[in-house]
Every structure is written in structure tokens, then in C-alpha cells.
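Please read this briefing alongside the sequence and the structure shown below. The points that follow are grouped by topic, starting at the surface and moving on to the strands.

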Amino acid sequence: MENKYEVVKALLKEQLLTHAIKPGEKLPSIRAASELWSCSKNTAIRAYQELENEHLIYSVPKSGYYAVVRSEKTTTSAIDWIDFSSATPDAEVMPYKDFQHCLNRAIELYEDHLFTYSDPQGFFTLRRALEKHLAHSQIFAPPSQICVVSGAQQALHLLASMPFPNGKSAVLVEQPTFHGMLRSLELLGVTALGIERRMDGIDLDELERHFRNNHIKFFYTVPRFHNPLGASYTEEQKKQIAMLAQKYDVYIVEDDFLADMDTDEKADPIYAYDQAGKVIYVKSFSKIMLPGLRLACVVLPTSLMETFRLFKASSDSSTAALSQAALELYLNCGMYDHHAGLVRERYRMRMEKLAECASRLLPPQVQLATGRGGIFARLSLSDEVNLHDLITALHLKQVRVNSTEQNYLRLFRRDHGLRISIMQTDFTKIERGIQIVAETLESLLEQQKSNRLHVIDWI
Ligand SMILES: Cc1ncc(COP(=O)(O)O)c(C=O)c1O
């Protein structure tokens with residue numbers, strides 16, 4: 001190091017990172033620092049400024065410099081879990097550094113927005129950027145029809161609470177479905193009806209019966225890479241759903257939470273087939289970016305926008321200005337598309353690996369259906385396997401899997417299976433995890449067989 005300020009900076013940095021100077025603690029004054037390290041005051045000031053630029057310290061006017069208090073990184077437990085249950089994005093794949101840069105730029109460029117309340121519908125400039133972004137997925141809507149929301153969950157909750165122009169009140173959901181929607185419906189006391197969703201879709205005749213005979217305000221669906229099944233509708237099924245919505249004046253709430261993970265450019269959303277203004281399109285940014293930013297957008301028919309805006313404004317005034325500004329920068333500079341491409345490829349390879357391991361390792365009584373991409377697969381089990389025993393046995397071997405209990409309405413008939421998520425895995429964990437699932441299943445089936453024989457012996 002040639003410059004003295006670099007030496008002072010390095011010494012201080014070491015003390016900050018090792019917590020020799022504790023988070024929140026005051027640093028020596030400039031004068032004390034120059035005496036301590038036998039340097040000029042300018043040298044000490046330069047070292048402090050550099051540390052401030054790196055967000056390790058901050059200054060309080062007329063008081064001095066303090067060490068930044070950082071949230072403790074979650075301590076990684078000594079056990080290396082194989083986690084097939086989590087749907088939170090893999091930190092390894094997240095654009096944390098890029099986004100940190102965008103947030104810093106956002107503070108500089110959007111300073112004015114931070115001092116005021118902003119439009120409940122979202123920054124106009126962000127909605128213009130979203131207009132362009134959504135067009136890639138065949139969603140053509142002007143900024144006046146787009147609303148920025150604090151996460152898709154907020155949009156679902158507001159849509160479930162607000163009145164609709166069709167004057168109807170019940171909500172139809174796929175079974176199974178995203179548990180966040182079920183929780184909102186239950187909390188709001190909304191009547192919810194279910195229609196079975198399988199890997200190959202839904203029974204469209206049954207959908208028509210529901211639309212015709214019941215008082216359905218909207219049908220909530222996750223057409224692409226369904227949570228928890230991982231399945232997607234065909235283009236024909238999406239066309240039929242849009243057509244039935246028009247015929248029976250029922251709205252469709254289309255939750256496209258994994259739109260950016262699709263490798264098939266021809267896979268369009270239901271929104272693209274809607275000719276009657278009956279589809280509300282919801283897109284989350286949590287799975288491609290950072291879920292903590294709480295960002296999503298909704299595209300609404302003009303007839304619904306005013307009511308939605310009112311409910312949104314009453315819920316949180318507006319989505320956090322800093323998150324909005326950072327997303328706008330991220331979209332406009334091309335980093336979003338670049339990052340989405342990387343994420344898509346990473347998860348596509350994991351899904352392929354999962355499918356390959358499942359076909360090689362799992363016993364014949366068990367099927368793993370991977371859909372055509374996304375992040376979830378469905379492990380279907382025969383009735384002889386006790387799900388609770390399986391989950392517990394896997395847990396004891398440090399493998400986490402989720403039952404889909406919470407994805408069903410209370411009285412709906414449950415399918416016998418598990419959701420397998422690849423979000424928090426890698427190739428090694430997938431191979432090892434599926435191997436453990438296979439061994440555990442085989443020993444459970446063996447155990448059940450011998451229990452049955454004992455009963456027969458005894459009789
Ligand atoms: C299908 C589905 N919709 C919506 C959400 C919620 O997204 P957000 O984080 O934008 O609220 C999730 C979260 O996992 C989800 O799986």
C-alpha cells in the first residue's frame with residue numbers, strides 16, 4: 001500500500017470486520033485518529049470517507065463517525081440439510097451486489113420521491129418500464145392499467161376483499177393451490193369453492209358448471225408452474241378458460257409468479273387470450289429478485305382499476321419508493337433480463353437433474369412428475385405409504401420435504417403426495433436427497449409388508 005490513508009483504512013476495516021470496534025460504537029475523532037496513526041487530519045478524513053462509501057461506517061454531523069450495525073447473517077447450522085421444502089430463492093443465485101448498486105443509485109436519483117408520499121398505483125416511470133417488460137410475455141397494457149403492489153400476496157388479498165363489477169361474491173380456487181391465497185380467503189370470510197387441478201389440467205366441463213351455477217366473482221389460477229404441483233396448462237386449456245370467463249361474466253385472477261422462468265417462448269398467459277377484459281394478471285418479482293423488496297405488479301381491466309387503487313391506497317398508501325426506484329433502474333439498464341436468463345438456466349438444469357435422478361433411483365410405486373420446468377415437482381405416493389411417517393423419517397436423515405396439507409380447502413379431498421422444490425438445492429443435494437427418499441420409502445414399504453404378515457400370522 002503506497003498511501004498512508006490506505007494503511008489507516010485497512011487497519012480500521014480489520015477492526016470493524018472483526019468487531020474489535022463494535023457495531024454502533026463511535027470511532028476515534030479525526031484528531032484522535034491522526035494522533036493515533038501519526039498521520040495528517042486529511043489522511044484520516046480520506047480513510048473515514050472511503051469506509052463510509054463502503055457502508056462500514058456512517059457520520060453524524062457535529063458528533064462523529066460510528067460503525068454500521070449490520071443484521072447478523074443467519075448462522076448456518078452445523079447440519080447440512082437437504083431442503084426440498086423451501087420456496088425462497090437461493091441466495092447464491094440472487095443479484096444481491098447488482099441490486100445493492102441499484103439501491104444506492106436509487107437514493108441519489110430519486111431523492112425527491114423519498115421525501116413525499118407517492119402515487120398509490122406506483123411511479124409512472126416504473127409503470128412505463130413495466131409496460132415494456134410485460135410485452136415480452138404477451139401482456140400489452142398501458143401504464144394506466146398497471147398497478148405496482150407490495151408483493152403478489154398483497155394483490156391477492158386486495159382482490160379477495162374488494163367488490164367486483166359482476167356483483168358476485170364467491171371465489172373458485174384450484175385444488176391444491178397456493179396457501180397464501182387460501183389464508184386470505186379464510187381471514188376475509190370469503191366463500192371459497194374448489195376444483196381439482198391435476199398434472200394434466202382441470203376438467204373444463206366442471207369449470208363451466210361452476211361458472212354457470214355458482215356465484216363466482218373470480219377464479220384464482222396459477223396456470224404456469226403451479227404451486228404446489230409444478231404443472232402448466234396447455235395453450236388450448238388457457239384459451240378455453242378465457243372463453244368461459246367471457247361467456248359467464250366471471251373474472252380470472254391469473255397468478256404468473258414464475259413467468260420469467262419459462263424457457264418456452266410460445267407459452268402465453270391466459271391474459272393473452274382474453275378479449276373481454278375479464279383477466280387480472282398478477283406478476284411477482286420475488287422469485288427472480290429479492291423477496292424482501294416486496295415488489296409485484298397487477299394488470300387490471302379499466303373497469304376495476306379505480307376500486308383496486310382505492311383498496312391499495314387504504315392498505316399501505318403506496319409501495320416503498322426505494323424498492324420501486326431500484327426496480328425501475330434494474331429493468332431499464334438491462335440487468336433484470338440478464339439476471340432472469342441466468343436464473344432460468346440454473347433452475348432448468350436443476351429440474352432436469354431432479355427428473356433424471358427420480359427415474360433412476362425411485363421405486364416403481366412412486367412417481368415424480370416435473371411438469372415442463374419451474375421450481376416444483378410432484379411426488380405422488382401410493383396409499384400404502386403413510387405421509388407423516390415418511391416426512392418424519394426423512395427429517396431424521398436431514399432431508400426436508402413439505403406435505404401439501406396447507407394447499408387444500410378444509411373439506412376438499414386430498415391427493416396423496418408431496419411438493420418437491422429445487423430452489424435451495426444443487427446437483428449434489430438433489431442426487432443425495434432423492435437417494436435418501438428412495439431408501440426411506442423402500443424401508444417403510446418393507447416395514448408395512450412385514451407388519452401385515454405379522455397380523456396374518458397372529459390371526
Ligand atoms: C403462487 C404464488 N403466488 C404468490 C406468491 C407471493 O409472492 P410475493 O412474494 O410477491 O408476495 C407466492 C410465493 O411463494 C406464490 O408461490
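Why does I107 count as partly exposed? In this predicted model, I107 has a relative accessible area of 42%, and the class of partly exposed lies between the limits of under 20% for buried and over 50% for exposed, so I107 is placed in that class.

**Surface patch**

- I107 belongs to helix α4, which covers residues 96-109.
- Together with L114 and F115, I107 makes a nonpolar surface patch of about 330 Å².

**Strand β9 and its partners**

- All 6 of the 6 residues of strand β9 (residues 279-284) are buried, so this strand is largely enclosed by the rest of the structure.
- In a regular strand, side chains alternate between the two faces of the sheet.
- Both faces of β9 are covered, with V279, Y281 and K283 buried on one side and I280, V282 and S284 buried on the other.
- Strand β8 (residues 251-255) runs parallel to β9 and is joined to it by 4 bridges, and within this part of the model I252 stands opposite V279 in β9.
- Strand β10 runs antiparallel to β9, again with 4 bridges between them, and the bridge partner of K283 in β10 is C297.

**Strand β4 and β10**

- Strand β4 (residues 146-149) has I146 and V148 pointing one way and C147 and V149 pointing the other way, and all of these residues are buried.
- β4 is joined by 4 bridges to strand β10 (residues 296-299), and the two strands run antiparallel.
- One of the residue pairings here involves V149 of β4, whose bridge partner in β10 is A296.
- β10 is therefore joined both to β4, as described by the 4 antiparallel bridges, and to β9, by a further set of 4 antiparallel bridges.

**The open four-stranded sheet**

- An open sheet is formed by 4 strands in the order β11-β12-β15-β14, with antiparallel pairing.
- Its edge strands are β11 (367-369) and β14 (402-403), each of which pairs on one side only.
- β14 pairs with strand β15 (residues 417-421) in the antiparallel sense over 2 bridges, and N402 has R419 as its bridge partner in β15.
- Helix α13 (residues 335-361) packs on this sheet and touches β11, β12 (376-380) and β15, while its direction makes about 15 degrees with that of β12.

Technical notes
Residues numbered from 1 in each chain as written. Predicted model: local features only at pLDDT ≥ 70, side-chain atom pairs only at ≥ 80, totals over all residues. Heavy atoms only, no water. Patch = residues over 30% accessible without salt bridge, like charges linked within 9 Å, V, L, I, M, F, W, Y side chains within 5 Å. Areas by Shrake-Rupley, 256 points an atom, 1.4 Å probe, with all protein chains shown as cover. Salt bridge = Lys/Arg side-chain N within 4 Å of Asp/Glu carboxyl O. Buried < 20%, exposed > 50% of the residue type's maximum accessible area, 1.4 Å probe, protein only. Pairing = 2+ DSSP bridges. Contact = heavy atoms within 4.5 Å. Axes fitted to C-alpha atoms, helices over the stretch in contact; angles between N-to-C directions.
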